[in-house]
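User: Please take a close look at the internal spaces of this protein, both enclosed and open, and at the way the ligand is held. Where the backbone departs from the usual geometry, please describe that at the end.

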Amino acid sequence: MSDLRPDTRAVHVPRPPIEGSRPISVPIYQTSGFSFDDPAVMAESMGRPDAAFVYARYSNPTVRSLELAVAGLEGGEHAIATGSGMGAINVVLLGLLKPGDHMVAQRSLYGGTAAMINDLVSRFGIGVTYVPENDPAALRAAVRPETRLVYLETISNPMTLVADLPAMCAAARDLGIVSVVDNTFATPVLCRPLEHGADIVLHSTTKYLAGHTDVLGGLAVFAGRELYDRLWHFAIELGASADPFAAWLTVRGLATLVLRMERHCSNARHLATRLAEHPAVTAVHWPGLPGHPSYEVAGKLLSGFGGVFSFDLAGGRAAGERFMSSVRLALLAPSLGGVETLVLHPASTSHRALGPEELRRSGIGEGTVRVAAGIEHPEDLWADVSQALT
Ligand SMILES: *Cc1c(COP(=O)(O)O)cnc(C)c1O
């Protein structure tokens with residue numbers, strides 16, 4: 001190699017082997033591809049998820065580290081990381097459904113998921129029936145011979161309804177259909193849907209798993225090998241792959257997930273219980289409060305009630321908008337799951353596409369405010385929220 005010219009030397013730089021020690025943090029493998037010594041190993045790598053790394057759309061060691069970490073936290077065997085939560089949702093919906101198929105979904109769904117399902121119905125000839133998140137009889141009644149999957153969310157947005165996962169997943173299993181659960185709001189710290197019979201768990205890792213409002217990502221975790229193999233091939237075709245740097249930031253965030261969830265949940269409890277006693281507030285929607293429609297299910301299913309809640313202001317839309325412009329510490333922003341407390345007025349933002357009738361059916365009022373509690377000091381948060389109410 002010593003006779004190489006500078007042009008060539010500048011391309012083929014030395015890579016000292018790491019011997020006798022190893023890096024403590026997960027390295028970022030910022031490479032789109034991998035080279036091989038053995039052509040047979042290379043050929044083998046194209047067809048199986050557990051073969052050698054070959055091309056970053058298939059997988060990458062940093063991305064695999066994230067996949068294994070979250071699969072382990074959820075009690076699953078395998079996972080596919082994607083570039084966003086919607087990427088993971090689409091790997092599963094588009095990978096499992098074909099024209100003529102039918103799915104059952106719970107009524108209150110994340111906005112992006114609801115929009116995607118509307119597209120599947122109008123452009124891809126897929127049928128959907130909506131049922132309450134806690135009604136296995138309605139699920140059984142909705143299922144047809146061509147039903148392929150049931151789609152649930154552990155905790156819904158912004159009314160924080162908790163799906164009765166054991167009952168719903170058992171019904172799906174009896175009927176031979178795949179159950180898919182978006183566990184973004186609960187995280188595996190509060191609930192592990194695979195333990196309650198789900199086949200696939202979805203995450204927007206953008207939220208609590210990464211936790212610092214600095215990266216977009218998604219993930220699908222599988223209880224078993226068969227669905228994983230099928231959807232791994234489809235994910236490669238779809239091209240929704242995770243980027244190594246994004247995966248690295250997410251792995252870094254995971255280290256503090258349990259600690260952060262404790263504070264998100266205790267801050268939500270602090271604010272929700274005080275707001276429930278405030279004269280300007282007519283209702284607080286957080287599953288840890290007695291009287292919430294999911295209080296009992298949540299008590300059985302969740303080991304904490306989550307960091308997101310919403311509340312209704314007596315003064316309607318004007319009061320909602322006034323609150324939004326009066327907070328000083330909490331930030332006006334969509335999304336959730338980061339260290340900062342965020343507030344949102346659903347009727348004018350995340351749920352503005354809903355008509356008055358749909359809004360009413362989903363329980364969202366003109367004066368409803370959603371709060372995603374961060375990890376700040378609870379008294380600083382209460383001081384901000386209470387001054388914004390006066
Ligand atoms: C944010 C979110 C998604 C979509 O995730 P992205 O990372 O924004 O694509 C899906 N489901 C839920 C419950 C979410 O909160």
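Analyst: **Cavities, pockets and the ligand site**

In this predicted model, the count of cavities of 30 Å³ or more comes to 3. The largest cavity has a volume of about 120 Å³. Its lining is made up of 16 residues, and those nearest the centre of the cavity are R57, Y58, E67, I80 and A81. Three elements, namely α3 (61–74), β1 (78–82) and α9 (225–238), give two or more residues each to this lining. By class, the lining of the largest cavity holds 10 nonpolar, 3 polar and 3 charged residues.

The open spaces come next. For the largest pocket, the computed volume is about 770 Å³. A total of 29 residues line this pocket, with R107, S108, L109, L354 and S362 the closest to its centre. Among the elements, α5 (111–124) and α14 (356–361) each supply at least two residues of the lining. The largest share of that lining belongs to α5, which contributes 5 residues. In terms of class, the lining of the largest pocket divides into 11 nonpolar, 13 polar and 5 charged residues.

The ligand, however, sits in the second largest pocket. The shell around the ligand comprises 13 residues, of which G85, D182, S204, T206 and K207 come nearest. Helix α4 (residues 85–96) provides the largest share of this shell, with 3 residues. Classified by residue type, the shell contains 5 nonpolar, 6 polar and 2 charged residues.

Specific atom pairs can now be placed in this site. On the backbone side, a polar atom of the M86 main chain lies 2.8 Å from an oxygen atom of the ligand. On the side-chain side, D182 places a polar atom 2.7 Å from a nitrogen atom of the ligand. S204 likewise has a polar side-chain atom, in this case 2.8 Å from an oxygen atom of the ligand. Taken on its own, the ligand has 380 Å² of accessible area, and the protein covers 92% of that area. D182 and S204 therefore each meet the 3.5 Å limit for a polar contact with the ligand, and both residues are also listed among those nearest to it.

Finally, the backbone geometry deserves attention in one loop. Most residues other than glycine have a negative phi, and most peptide bonds are trans. Against that background, the peptide bond from N157 to P158 is cis, with omega near -5°. P158 is located in the loop that joins β4 (147–153) to α7 (165–174). T160 is also found in the loop between β4 and α7. Although T160 is not a glycine, its phi is positive, at about 55°.

Notes:
Residues are numbered from 1 along each chain as its sequence is written. This is a predicted model: local features need pLDDT of at least 70, side-chain atom pairs count only at pLDDT 80 or more; totals for chains, interfaces and linings use all residues. Side-chain values use heavy atoms; hydrogens and water are left out. A residue is near a molecule or strand if one of its heavy atoms lies within 4 Å of it. A polar contact is a pair of N or O atoms within 3.5 Å; within protein, one must be able to donate a hydrogen and the other to accept it, and residues adjacent in sequence count only if both atoms are side-chain atoms. Accessible areas come from the Shrake-Rupley method with a 1.4 Å probe; for residues, only the protein chains shown count as cover. On a 1 Å grid over the protein atoms alone, a cavity is a set of points where a 1.4 Å probe fits but cannot get out, and a pocket is an open set with protein on both sides within 12 Å along at least five of seven lines; lining residues have an atom within 4 Å of a point. A molecule sits in a cavity or pocket if more than half of its atoms lie within 2 Å of its grid points. Helices (H or I, at least four residues) and strands (E, at least two) are DSSP runs, numbered from the N terminus. Ala, Val, Leu, Ile, Met, Phe, Trp, Tyr, Cys and Pro count as nonpolar, Asp, Glu, Lys and Arg as charged, and the others, Gly among them, as polar. Grid points are joined across faces, edges and corners, and a volume is the space filled by probe spheres set on the points.
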